[in-house]
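Thanks for making time. I have one structure to go through today, so let me put it on the screen.

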Amino acid sequence: MGKRTKLSQVRENVKSNIVESLELPVDIMYGAVIVTAMGRNQVLVENYKGIIEYTQEKIRLQTKTCQVTIQGKRLVVEYYTNEEMKITGCIQGILYGS
């Protein structure tokens with residue numbers, strides 16, 4: 001194991017211990033994607049990095065740890081900020097991939 005790998009593992013362990021001991025929200029501390037489906041017509045995505053693909057049938061987003069694909073019909077990005085995005089339309093699926 002290389003020196004950089006060991007150092008990054010030590011940093012990750014320290015961060016993990018701090019998050020656990022202070023009972024901080026894991027999703028916020030690690031930048032995990034949060035996907036909230038509100039019925040079949042709305043999805044709120046938090047902690048995304050960017051849009052990879054945008055059509056009426058598929059919106060693919062890059063997050064810190066994976067890609068998230070929203071599939072459906074008549075998909076539209078209602079609004080987006082640096083932190084969150086609201087997608088509306090007929091939502092048929094939410095996929096997580098690398």
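I will go from the overall layout to the core, then to a few individual residues.

First, a caveat: this is a predicted model. Everything I quote is computed from it.

Start with the layout. There are 2 helices and 6 strands in the chain. In sequence order the pattern reads α-α-β-β-β-β-β-β, with the helices ahead of the strands. The chain has 98 residues, and 27% of them count as buried. Its accessible surface is about 6,800 Å², and carbon and sulfur atoms account for 51% of that. On contact range, take the contacts between residues at least 6 apart in sequence: 37% of those join residues at least 24 apart.

Next, the core. Which residues have the most contacts inside the largest nonpolar core? They are Val45, Ile59, Ile70, Leu75, Met85 and Ile87, in a core of 14 residues. At least two residues of this core come from each of β2 (42-46), β4 (58-63), β5 (67-80) and β6. The biggest contribution is from β5, which gives 4 residues.

Methionine 85 shows what one of these core residues touches. Beyond its neighbours within four places in sequence, methionine 85 contacts Val43, Leu44, Val45, Tyr48, Ile51, Leu61, Val77, Tyr79 and Tyr80.

Now threonine 88, a polar residue in strand β6, which spans residues 84-97. Is threonine 88 buried or exposed? Its relative accessibility is 14%, and the cut-off for buried is under 20%, so threonine 88 counts as buried. Its side chain makes a polar contact with the side chain of glutamate 78, at 3.0 Å. Setting aside residues up to four places away in sequence, threonine 88 touches Asn41, Gln42, Arg74, Leu75, Val76 and Glu78. Leu75 appears there, and Leu75 is also one of the core residues I listed.

Valine 35 sits at the other end of the strand order, in β1, residues 34-38. With a relative accessible area of 22%, valine 35 is partly exposed; the buried class stops at 20%, so this residue falls outside it. Valine 35 touches Val43, Leu44, Val45, Val68, Ile94 and Tyr96, again without residues up to four places away. The pair with isoleucine 94 spans 59 residues along the chain, and their C-alpha atoms are 8.9 Å apart.

On to charges. How many salt bridges does a search of the whole structure find? It finds 1. Side chains of opposite charge can pair when their charged atoms come close. Here the partners are arginine 60 and glutamate 53, with the closest N and O atoms 3.3 Å apart. Arginine 60 is partly exposed, at 24% relative accessible area. Glutamate 53 is partly exposed too, at 25%.

Last, the surface. Ile51, Tyr54 and Val76 make a nonpolar surface patch of about 260 Å². Tyrosine 54 lies in strand β3, residues 48-54. Its relative accessible area is 43%, so tyrosine 54 is classed as partly exposed. Two members of the patch have come up already: Ile51 among the contacts of methionine 85, and Val76 among those of threonine 88.

That is what I have on this one.

Conventions: Residues are numbered from 1 along each chain as its sequence is written. This is a predicted model: local features need pLDDT of at least 70, side-chain atom pairs count only at pLDDT 80 or more; totals for chains, interfaces and linings use all residues. Side-chain values use heavy atoms; hydrogens and water are left out. Patches are made of residues with over 30% relative accessible area and no salt bridge: like charges are joined within 9 Å, nonpolar side chains (Val, Leu, Ile, Met, Phe, Trp, Tyr) within 5 Å. Accessible areas come from the Shrake-Rupley method with a 1.4 Å probe; for residues, only the protein chains shown count as cover. A salt bridge is a side-chain nitrogen of Lys or Arg within 4 Å of a carboxyl oxygen of Asp or Glu. Buried means under 20% relative accessible area, exposed over 50%, partly exposed in between (1.4 Å probe, protein chains only). A polar contact is a pair of N or O atoms within 3.5 Å; within protein, one must be able to donate a hydrogen and the other to accept it, and residues adjacent in sequence count only if both atoms are side-chain atoms. Contact means heavy atoms within 4.5 Å. A nonpolar core is a set of buried Ala, Val, Leu, Ile, Met, Phe, Trp, Tyr and Cys residues joined through side-chain atoms within 4.5 Å.
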